Amino acid sequence: MNALKHMTFAAGLALAPADAGGAEPSGLRALADERAVIRIADAIDRAVDAQDWKLARSYFADRVTADFSSLSGQPAATIASDELIGGWAGNLKGSKTSLHLRTNHQVVLEADSATVSSNGYAWNRMEGNGDPLWEVWGTYEHHLVRSGDGWKVDGFTFRATHERGNHWVKTTPGQ
């Protein structure tokens, strides 16, 4: 424990009990919560790229407010998480692959909720109609709530800042 205390103080964190009673977690709990919510945001990308839809779904609350308006032109909507994952599964399948990368995470913790903001890059690849690649850059925002099953995403926004490549790859589901 002495080594842990030393490392914690060296990082500039104050050790505080997990139930300190404040609105924001502090000390080791805050550090653990921050790491947990970043891990979930990143794990969603890995599950989507692996087309592991059951795993991807496990990171979400039953309902999610999803905002992909910068890509689709459709307004944000609160939908069943099964519908969100079903849409991704219907698009990213078989011959269509993806790669998602995320960096520069910033976390805001408030009691039993958290927001993870990050920069992201993604591509979709599919052969069959010219250039097989479509790419997009932008910012992500995940809103999470602490539940009996741990942290769950109940809000998800992607704001595209740049895209390039074959629009057909973006809009055509894999076979």
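Eight aromatic pairs are present in the structure, which is a predicted model. One of them joins F68 and W88 in an edge-to-face arrangement, with 6.4 Å between the ring centres and 75° between the planes. This pair links distant parts of the chain, 20 residues apart: F68 lies in the loop between β1 (60–67) and α4 (69–72), and W88 belongs to helix α5 (residues 81–91). As for solvent exposure, F68 has a relative accessibility of 22% and is therefore partly exposed. W88, with a relative accessible area of 16%, is buried, because the cut-off for a buried residue is under 20%.

A second pair brings together Y121 and W137. Their ring centres are 5.2 Å apart and their planes meet at 50°, so the pair is classed as tilted; the tilted class takes the pairs whose planes are neither under 30 degrees apart nor over 60. This pair, too, links distant parts of the chain, here two strands: Y121 is in β4 (residues 113–125) and W137 in β5 (residues 133–147), 16 residues apart. Y121 is buried, its relative accessible area being 18%, whereas W137 is partly exposed at 26% relative accessibility.

The F68 and W88 rings also belong to a wider grouping. Together with F60, Y140, F156 and F158, the residues F68 and W88 form one aromatic cluster. Y140, a member of this cluster, also has a charged group over its ring: the charged end of R102 sits there, 4.0 Å from the ring centre.

Definitions and conventions: Residues are numbered from 1 along each chain as its sequence is written. This is a predicted model: local features need pLDDT of at least 70, side-chain atom pairs count only at pLDDT 80 or more; totals for chains, interfaces and linings use all residues. Side-chain values use heavy atoms; hydrogens and water are left out. Rings of Phe, Tyr and Trp (its six-membered ring) pair if their centres lie within 6.5 Å; planes under 30 degrees apart count as stacked, over 60 as edge-to-face and the rest as tilted. Helices (H or I, at least four residues) and strands (E, at least two) are DSSP runs, numbered from the N terminus. Buried means under 20% relative accessible area, exposed over 50%, partly exposed in between (1.4 Å probe, protein chains only). A charge sits over a ring if NZ of Lys or CZ of Arg is within 6 Å of the ring centre and within 35 degrees of the ring normal.
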